[in-house]
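Subject: Handing over the structure

Hello,

Here is the structure I promised to pass on to you. Please open it alongside this email, and I will walk you through what turned up.

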Amino acid sequence: MVQTIINKQNNELAFRLEQFNNLDQFEHLQRKNYYSIILLRSNSFNLKVDFSEYQLKENHIICLSPYQPFLLSSEEECSGFILNFHPDFFCTYRHQNETETEGVLFGNFHGLPFFRIAEEFLFFSLMGQISREMSKDSIAQHEVLMAFLKVFLIEAVRQKKKFDKNSVLQFTDRQPEILQNLIDAIESNYARLHTPQEYADMLCVNSRTLAGIVKKYLNQTLTSLITHRIVVAAKRELYLTSKPVKQIAANLGYQDEFYFSRFFKKKVGLSPDIYRKTVGGFAKLEKKTS
């Protein structure tokens, strides 16, 4: 069953809940202009996100930002829910003080886009409550769904933080210390330093050694780690501000607006202008069920 609320102004998805019994729909590249939360019940499955691939076991929640490419597949039976919401239905940036999703569930440029579920009943129960609310024709439905979504996201953030404490980033040897220094360096300097060699020089580490550490612990390339952080910042500026693309590019260390636009389009699949248009324009909503 699929339950959908549509933005009447542009006929785009605003909020959607689907219960699925297999992963057929996820076996081709997904790149949507809304957030996706996948609550997956499975013994084992394969997840590809951005530049990384993961072999996972047991029940998980996968959290994906708008236009973040992903694939899901499994040779075993899988079931669960997928919850989609457009940034104009619920803007994670604007509710950051309440939910703390950015940097934990979404836009976590160095972390994992998933976590193993510790309290399965809680999340499946919330999905059921959302489904029942969407089946009603009641006043203040938007506000009720927002409230359920906030509770879901807050509980997800709590469990994700616990999961991260036990993830591959938590080590005591020298290599992860360098990795943490790299993450801190990127966070402080992504707007002016864009190449692996610049970070290797800053940390006084051979660039090949640094790349090897990133690959070992984060399953990414050093270049993808840097560019992903830049893209996260660019998306935030495009969505939350009316700054010209030229100004955003300059603020991120790109004096050539057209070079920045090509860079953004290569990573996101859309130009900055089109991205801004496709995540804007909240209007009246219309409910659909299929």
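Below are the findings, grouped by topic. One thing to keep in mind from the start is that this is a predicted model.

**Aromatic rings**

A good place to begin is with the aromatic pairs, of which the count comes to 19. One of them joins Y67 and Y275 in a tilted arrangement, with 5.3 Å from centre to centre and 55 degrees between the planes. This pair links distant parts of the chain: Y67 belongs to the loop between β6 (60-64) and β7 (70-73), while Y275 sits in helix α10 (residues 272-278), 208 residues apart. Both Y67 and Y275 are buried.

Y275 also pairs with F264, this time edge-to-face, at 5.7 Å centre to centre and with 70 degrees between the planes. Here too distant parts of the chain are linked, with F264 in helix α9 (residues 257-268) and Y275 in helix α10, 11 residues apart. Are the two partners buried or exposed? F264 counts as buried because its relative accessible area is 0%, and Y275 counts as buried because its value is 4%, where the cut-off is under 20%.

If you highlight the rings, you can follow a cluster: ring pairs link Y67, Y254, Y259, F260, F263, F264 and Y275.

Two other rings are worth a look. R41 lies over the face of F124, 4.1 Å from the ring centre. F109 is found in the loop between α1 (96-99) and β9 (114-116), and it counts as buried because its relative accessibility is 4%. Its C-alpha atom is separated by 16 Å from that of F264, and the two residues are 155 residues apart along the chain.

**The largest pocket**

Next, please turn to the largest pocket, which has a volume of about 610 Å³. Its lining is made up of 40 residues, and D50, Q68, P69, H228 and K235 are the ones that lie nearest its centre. Which elements each supply at least two residues of this lining? They are β4 (44-49), β5 (52-57), β7, α7 (222-240) and α9. Helix α7 gives the largest share, six residues. By class, the lining of this pocket divides into 24 nonpolar, nine polar and seven charged residues.

While you are looking at helix α7, you will also find E237 there. E237 counts as buried because its relative accessibility is 17%, and the cut-off is under 20%. The side chain of E237 makes a polar contact with the side chain of K243, at 2.6 Å.

**Cavities**

How many cavities of 30 Å³ or more does the model contain? The count is two. The second largest cavity has a volume of about 40 Å³. Its lining consists of K32, Y34, S36, L64, S65, Q68 and F70, which by class are three nonpolar, three polar and one charged. You may recognise Q68 from the pocket, where it is among the residues that lie nearest the centre.

**Where to start**

For a quick tour, try Y275 in helix α10, then the ring cluster that includes Y275, and finally the largest pocket with its six lining residues from α7.

Enjoy exploring, and do write back with any questions.

Best wishes

Terms used: Residues are numbered from 1 along each chain as its sequence is written. This is a predicted model: local features need pLDDT of at least 70, side-chain atom pairs count only at pLDDT 80 or more; totals for chains, interfaces and linings use all residues. Side-chain values use heavy atoms; hydrogens and water are left out. Rings of Phe, Tyr and Trp (its six-membered ring) pair if their centres lie within 6.5 Å; planes under 30 degrees apart count as stacked, over 60 as edge-to-face and the rest as tilted. Helices (H or I, at least four residues) and strands (E, at least two) are DSSP runs, numbered from the N terminus. Buried means under 20% relative accessible area, exposed over 50%, partly exposed in between (1.4 Å probe, protein chains only). A charge sits over a ring if NZ of Lys or CZ of Arg is within 6 Å of the ring centre and within 35 degrees of the ring normal. On a 1 Å grid over the protein atoms alone, a cavity is a set of points where a 1.4 Å probe fits but cannot get out, and a pocket is an open set with protein on both sides within 12 Å along at least five of seven lines; lining residues have an atom within 4 Å of a point. Grid points are joined across faces, edges and corners, and a volume is the space filled by probe spheres set on the points. Ala, Val, Leu, Ile, Met, Phe, Trp, Tyr, Cys and Pro count as nonpolar, Asp, Glu, Lys and Arg as charged, and the others, Gly among them, as polar. A polar contact is a pair of N or O atoms within 3.5 Å; within protein, one must be able to donate a hydrogen and the other to accept it, and residues adjacent in sequence count only if both atoms are side-chain atoms.
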